[in-house]
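Open the structure in your viewer and keep the selection panel at hand. The stops below are meant to be taken in order.

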Amino acid sequence: MDVIFGRNKEEHPEPIKAEVKGELPSWLQGILLRNGPGMHTVGETKYNHWFDGLALVHSFTFKNGEVYYRSKYLRSDTYNCNIEANRIVVSEFGTMAYPDPCKNLFAKAFCYLSHTIPEFTDNCLINIMKTGEDYYATSETNFIRKINPHTLETLEKVDYNKYVAVNLATSHPHYDSAGNVLNMGTSIVDKGKTKYVIFKIPSSVPEKEKKKSCLKHLEVLCSIPSQSLLHPSYYHSFGVTENYIIFIEQPFKLDILKLATAYFRGVNWASCLSFHKEDKTWIHLIDKKTKKDISTKIYTDAMVLFHHVNAYEEDGHVVIDVISYPDNSLYQMFYLKNLNEDLEKNTKLTSIPACKRFVVPLGFDKDAEVGTNLVKLPSTTATALKEKDGNIYCQPEMLCEGIELPRINYDYNGKKYRYIYATEVQWSPVPTKIAKVDVLTKKKLSWEEEHCWPAEPVFVPSPDLKEEDDGLILSSIVTSDPRKAPFLLVLDAKTFTEMARATVNVDLHLDLHGVFIPEKDLNTERE
Ligand SMILES: CC(C)=CCC/C(C)=C/C=C/C(C)=C/C=C/C(C)=C/C=C/C=C(C)/C=C/C=C(C)/C=C/C1=C(C)CCCC1(C)C
Ligand SMILES: [Fe+2]
């Protein structure tokens with residue numbers, strides 16, 4: 001298993017032609033661009049956690065029925081410093097590096113509580129974000145790295161902090177139909193003012209500024225104060241509906257005082273993150289018009305969540321689908337020491353990911369009796385109980401167990417939808433199948449094959465889309481049997497039958513997230 005999780009992967013910056021079996025639809029033209037960790041050892045030093053690995057961006061280019069593969073390590077400052085020193089010199093979330101000659105982190109960390117923030121890693125390994133015509137590799141720090149989607153070349157480093165006061169930002173932004181980006185970040189430097197900030201990056205800039213970046217026009221929409229000033233919640237994604245932004249403030253929290261002293265204590269940043277199982281999980285609905293949290297306080301039991309699936313409004317309710325866990329054991333499981341040969345023994349999922357639906361009533365009867373279930377949607381068993389202090393206590397409906405890395409047809413984002421595409425896991429963090437879940441009937445279709453570990457399935461709508469699932473699923477498949485080459489799998493999203501596979505004889509890495517860029521969105525000038 002170390003082969004898959006812990007071994008350094010080679011990059012292939014020059015296009016490699018894949019061997020295509022089956023029939024690729026002629027309209028499938030563009031680039032599947034993905035990101036994830038590819039290197040966990042530098043010289044004699046090793047990262048502790050799988051999420052710490054150096055970003056290896058890769059792509060599958062679909063052109064006239066042919067498929068080309070490329071991969072290239074993100075030339076982040078972190079990568080360059082590490083390679084030059086031949087050891088890990090920049091700290092990541094799960095690995096503290098000593099000393100950190102690139103940044104003099106020691107001195108800076110000392111100043112932490114007096115408004116100085118040390119510089120953090122720009123090893124953007126989680127996802128790809130599009131702003132205007134630009135593509136960025138993203139992580140959760142204040143840095144993002146622009147990349148050329150054709151050549152995978154690393155371009156400028158952008159500091160969110162120059163445009164908005166956040167120290168952390170999600171790698172799962174949302175997009176509206178005009179391509180404007182909506183994202184969220186946390187500001188923790190301003191003592192006593194710890195807050196979550198929601199901001200917008202427009203998809204275009206005024207004509208006279210043609211060469212300028214959309215980020216220069218970033219706009220703060222609103223901010224929400226953290227419930228606890230010294231313990232802001234961790235979040236990895238958020239949700240949107242037509243009229244609301246959904247932010248779930250979970251009791252999985254960063255401890256600012258611990259962060260400030262982590263370096264001296266010789267512990268990693270991750271140890272400053274803890275799950276408070278006795279606390280509540282607060283569901284915030286931020287009204288896009290008033291830019292305020294709705295006045296009712298809504299909560300559910302303690303949980304840990306990384307991925308929102310989708311959310312929408314229906315008959316005066318807000319429906320919120322997420323993948324949640326009963327505790328924080330998932331993060332623990334991804335420590336590389338657990339992902340070794342004894343993986344099966346060490347990483348039995350003690351907490352299974354579950355896709356849950358929360359339903360929040362909007363315009364309910366204010367005089368309703370305490371204890372009343374305010375959810376009036378016949379389609380769900382989720383409940384929202386009115387409590388005596390006026391708060392609302394939500395209990396979810398279970399949609400499906402054992403799925404992660406969820407995707408949808410993004411045209412249905414924020415709208416009533418029916419299908420989730422995800423990887424399926426059983427006894428460990430190993431994805432063994434790709435699943436299509438029908439949230440209406442709870443029926444599931446899946447694809448699996450021996451020795452195959454599928455990545456997050458990406459939905460690509462067909463050009464003559466009539467139904468939500470008219471399109472394709474693209475997933476890069478890592479193989480655990482050295483005699484079997486990895487491939488890019490193309491499924492018919494409706495039936496989940498295989499249409500084609502493009503095999504590449506490379507050491508494909510298990511990645512996290514990515515985007516499909518249709519031909520029409522590709523600026524061919526830069527090719
Ligand atoms: C095996 C596979 C692929 C599939 C199997 C199926 C399955 C169960 C999948 C589950 C997948 C999940 C749940 C993936 C989740 C990925 C996450 C949460 C990545 C987060 C990275 C977060 C990162 C890198 C965060 C770095 C943050 C840093 C360095 C922050 C630094 C900091 C800054 C900037 C200011 C404040 C101080 C602080 C130290 C916190
Ligand atoms: Fe994610």
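This tour of a predicted model goes from a metal site to a ligand shell, and then to a few single residues.

**Stop 1: the iron ion**

Select ligand 2, the iron ion, and then the protein atoms that bind it. Which residues are its donors? They are H172, H236, H307 and H513, each through its NE2 atom, at 2.0 to 2.1 Å from the ion. Along the chain these donors follow the spacing H-x63-H-x70-H-x205-H.

Now keep H236 and H307 selected. H236 sits in the loop between strand 17 (219-225) and strand 18 (239-240), while H307 belongs to strand 25, so this pair ties together parts that are 71 residues apart in sequence. Both H236 and H307 are buried.

Next, look at the angles at the iron ion. Why does the arrangement count as irregular? The 4 donor atoms subtend angles of 93 to 151 degrees, whereas a tetrahedral label would need all angles to lie between 85 and 135 degrees. For comparison, the ideal angle for four tetrahedral donors is 109.5 degrees.

**Stop 2: ligand 1**

Select ligand 1 and show the residues around it. The shell holds 30 residues, and the closest are F120, I126, N167, W269 and P429. Taken alone, ligand 1 exposes 990 Å², of which the protein buries 98%. To find the elements that give two or more residues to this shell, select strand 25 (304-314), strand 31 (403-407) and strand 32 (419-425). Strand 25 is also where H307 of the previous stop lies.

Colour the shell by residue type. It divides into 20 nonpolar, 7 polar and 3 charged residues.

**Stop 3: F62**

Select F62, which is in strand 7 (residues 54-63). Is this residue buried or exposed? F62 counts as buried because its relative accessibility is 2%, and the cut-off for buried is under 20%.

Show its contacts next. Leaving out residues up to four places away in sequence, F62 touches L24, L28, Q29, G30, L32, V67, L474, L488 and F516. Add S26 and draw a C-alpha to C-alpha distance: F62 and S26 are 9.5 Å apart in space and 36 residues apart in sequence.

**Stop 4: N64 and N86**

Move along to N64, in the loop between strand 7 and strand 8 (66-73). N64 is exposed, with a relative accessible area of 63%. Its phi is positive, about 45 degrees, although N64 is not a glycine.

Finish at N86, in the loop between helix 2 (77-85) and helix 3 (105-110). N86 is not a glycine either, and has a positive phi of about 55 degrees.

Terms used. Residues are numbered from 1 along each chain as its sequence is written. Chains are lettered from A and ligands numbered from 1 in the order in which they are written. This is a predicted model: local features need pLDDT of at least 70, side-chain atom pairs count only at pLDDT 80 or more; totals for chains, interfaces and linings use all residues. Side-chain values use heavy atoms; hydrogens and water are left out. A residue is near a molecule or strand if one of its heavy atoms lies within 4 Å of it. Accessible areas come from the Shrake-Rupley method with a 1.4 Å probe; for residues, only the protein chains shown count as cover. Helices (H or I, at least four residues) and strands (E, at least two) are DSSP runs, numbered from the N terminus. Ala, Val, Leu, Ile, Met, Phe, Trp, Tyr, Cys and Pro count as nonpolar, Asp, Glu, Lys and Arg as charged, and the others, Gly among them, as polar. Buried means under 20% relative accessible area, exposed over 50%, partly exposed in between (1.4 Å probe, protein chains only). Contact means heavy atoms within 4.5 Å. Donors are N, O and S atoms within 2.8 Å of the metal (3.2 Å for Na, K and Ca); water is not among the atoms, so sites may look incomplete. Four donors count as tetrahedral if all angles lie between 85 and 135 degrees; four count as square planar and six as octahedral if opposite donors are over 155 degrees apart and all others between 65 and 115; anything else is irregular.
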